[in-house]
Amino acid sequence: PEINHGIDAMINSLGLAVLSEDSVAHLAEVKRPIRVVDQWMFHSRLYAAAEYVGHNKSLELVQLNSFGCGVDAVTTDQVEEILKSYGKIYTLIKIDEINNLGAVRIRIRSLLSNMKKRKNPKRNNLGEYELNRKEFTKEMKKDYTIIIPQMAPIHFELFEQALKTEGYNVKVLKECTPRTVEYGLKHVNNDACYPSILTTGQLIEALESDDIDKNKVAIMMSQTGGGCRATNYIGFIRKALRDAGYKDVPVISFNVVGLEKNSGFKLTVPLILKLVKGVIYADLLQTLLHKNRAYEKNKGETDRVFNAYMEKCKDYVSKASLKGFDSTLQEIVDEFEKIELDTSIKKPKVGIVGEILIKYHPYGNNFVVDLLEKEGAEVYIPEFMGFIKFVLLNNPKRDDLLKSRTFKTKINEIILD
């Protein structure tokens with residue numbers, strides 16, 4: 001009661017019975033697959049309750065949420081889709097510390113009024129809310145352009161090259177504009193996190209431009225598979241595509257956990273080797289760039305060396321062989337060490353941490369690297385490889401806690417070693 005301010009009692013006072021979603025969730029089964037990745041038990045029951053309400057003329061659903069969480073953004077959209085497919089009204093009430101229920105009472109009275117007037121509810125698709133996924137096929141690989149939203153400029157420059165050398169016509173959307181955010185806010189639940197709004201906004205903005213053939217384009221987005229809204233970026237994107245009129249654009253899930261598969265895209269050993277090399281090269285270049293730029297005597301020299309080796313690393317990444325890999329890394333270090341530095345004054349070292357896109361993407365973090373360097377700091381951004389190691393360590397840690405052992409765990413331990 002202290003949290004929901006007695007909204008249940010207020011609904012009772014209007015002559016309505018109140019049931020919890022848990023009391024009806026076992027009475028219905030959700031039609032799958034649904035658009036979102038259904039990875040939380042509470043939300044699975046919530047979707048089942050929405051399905052049951054859809055079947056029952058005497059029931060309506062009112063969902064309460066208390067703050068703008070990325071997970072709420074995932075679930076509220078999906079519940080609305082289920083209810084709308086049955087012609088039902090979706091009522092979402094956001095509650096906070098203010099306990100004046102006047103606005104809430106008006107919402108519930110409006111719902112009650114509509115319930116009394118509605119004799120034959122309009123049913124859009126008679127409960128057809130399942131995901132009809134458009135697959136990226138082998139035939140599409142020949143002449144489709146795959147667009148990828150920016151997440152980490154240095155790393156994605158090399159990832160783009162790796163994918164191109166494996167026969168994929170890819171284009172990383174490198175620039176963001178104020179319109180990018182506008183497109184994101186227009187087509188993504190505004191309770192979603194900023195990274196999802198930014199990436200989705202980039203994709204819709206690109207599709208709205210004249211530079212993309214709408215009939216020969218696909219989208220690639222990563223999925224971590226973890227219990228985070230990041231796993232549902234693709235769910236956000238698919239809803240945005242549908243709402244913007246691009247529902248037939250295939251979305252390729254880049255993941256290593258088997259979430260979605262496409263016959264036209266495969267994670268082969270040569271591609272994985274190129275991507276891993278790209279991560280290592282980009283991590284090294286990123287660290288050397290920020291370290292040297294903070295102390296360089298001749299302004300602009302570090303950027304010149306960095307730009308030259310970005311081009312060279314594209315060539316290094318293209319060759320899947322690991323022969324000579326160590327020597328190229330040493331070559332990069334040696335070249336950066338030739339930059340003349342002034343270390344007479346020790347600068348404060350500032351680390352940037354946080355969500356991947358926000359941490360690496362200049363537009364996502366409001367160009368915080370430029371600001372810090374202008375203020376006289378040495379910037380350090382953690383290596384991308386650290387995140388990959390974290391993902392690989394999940395299975396061994398889980399199996400250790402559960403006293404179990406899987407083949408995937410053995411593979412992950414070998415890769416980590």
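Visitor: Why does leucine 185 count as partly exposed?
Guide: This is a predicted model, and leucine 185 has a relative accessibility of 41% in it. Buried would need a value under 20%, and exposed one over 50%. The 41% lies in between, so leucine 185 counts as partly exposed.

Visitor: Where does leucine 185 lie, and which residues does it touch?
Guide: Leucine 185 belongs to helix H7, residues 178–187. Leaving aside residues up to four places away in sequence, leucine 185 touches Asn190 and Ile197. Leucine 198 is 13 residues from leucine 185 in sequence, with a C-alpha to C-alpha distance of 8.4 Å.

Visitor: Which residues of H7 are buried?
Guide: They are Thr180, Val181, Tyr183, Gly184 and His187.

Visitor: What puts those buried residues on the same side of H7?
Guide: Around the axis they cover an arc of only 160°, which places them on the same side of H7. The general background is that an α-helix has 3.6 residues a turn, so residues three or four places apart point the same way. On the other side of H7, the exposed residues are Pro178, Glu182 and Lys186.

Visitor: What covers the buried residues of H7?
Guide: The cover includes helix H8 (194–208) and helix H9 (233–244). One residue of H8 is glycine 201, which touches Thr180, Tyr183 and Gly184 when residues up to four places away in sequence are not counted.

Visitor: Why does glycine 201 count as buried?
Guide: Glycine 201 has a relative accessibility of 0%. The cut-off for buried is under 20%, so glycine 201 meets it. Glycine 201 and aspartate 400 are 199 residues apart along the chain, and 40 Å separates their C-alpha atoms.

Visitor: Why is glutamate 81 called buried?
Guide: The relative accessible area of glutamate 81 is 12%. That is under 20%, so the residue is classed as buried. Glutamate 81 lies in helix H3, residues 70–85.

Visitor: What makes the pair of glutamate 81 and arginine 242 a polar contact?
Guide: The contact between the two side chains is 3.5 Å. The criterion is a pair of N or O atoms within 3.5 Å, one able to donate a hydrogen and the other to accept it. The value of 3.5 Å is at that limit, so the pair counts. Beyond residues up to four places away in sequence, glutamate 81 touches Arg35, Tyr129, Lys239 and Arg242.

Visitor: Why is the aromatic pair of tyrosine 168 and phenylalanine 265 called tilted?
Guide: A search of the whole structure gives eleven aromatic pairs. In the pair of tyrosine 168 and phenylalanine 265, the centres are 5.2 Å apart and the planes make an angle of 55°. The centre distance is within 6.5 Å, and the angle is neither under 30 nor over 60 degrees, so the pair is tilted.

Visitor: What does this pair tie together?
Guide: Tyrosine 168 is in the loop between helix H6 (153–165) and strand S4 (170–173), and phenylalanine 265 is in the loop between strand S6 (251–254) and H10, so the pair ties together parts 97 residues apart in sequence. Tyrosine 168 is buried at 6% relative accessibility, and phenylalanine 265 is buried at 8%.

Visitor: How do you know that tyrosine 281 and tyrosine 316 form a tilted pair?
Guide: Their centres are 5.7 Å apart, with 40° between the planes. The distance is within 6.5 Å and the angle falls between the 30 and 60 degree cut-offs, so tilted applies. Tyrosine 281 is in helix H10 and tyrosine 316 in helix H11 (residues 301–318), so the pair ties together parts 35 residues apart in sequence. Both tyrosines are buried.

Visitor: Which residues of the largest nonpolar core touch the most other members?
Guide: In this core of 102 residues they are Ile146, Ile147, Ile219, Leu241, Tyr281 and Ile332. The most is given to this core by helix H10 (residues 269–293), with nine residues. Another core, of eight residues, lies apart from it; Ile93, Ile95, Val104 and Ile108 are among them.

Visitor: How much of the chain is buried?
Guide: Of the 417 residues, 47% are buried. The chain has 16 helices and eight strands.

Conventions. Residues are numbered from 1 along each chain as its sequence is written. This is a predicted model: local features need pLDDT of at least 70, side-chain atom pairs count only at pLDDT 80 or more; totals for chains, interfaces and linings use all residues. Side-chain values use heavy atoms; hydrogens and water are left out. Helices (H or I, at least four residues) and strands (E, at least two) are DSSP runs, numbered from the N terminus. Buried means under 20% relative accessible area, exposed over 50%, partly exposed in between (1.4 Å probe, protein chains only). Contact means heavy atoms within 4.5 Å. A nonpolar core is a set of buried Ala, Val, Leu, Ile, Met, Phe, Trp, Tyr and Cys residues joined through side-chain atoms within 4.5 Å. The arc is that of the directions from the helix axis to the C-beta atoms. Rings of Phe, Tyr and Trp (its six-membered ring) pair if their centres lie within 6.5 Å; planes under 30 degrees apart count as stacked, over 60 as edge-to-face and the rest as tilted.
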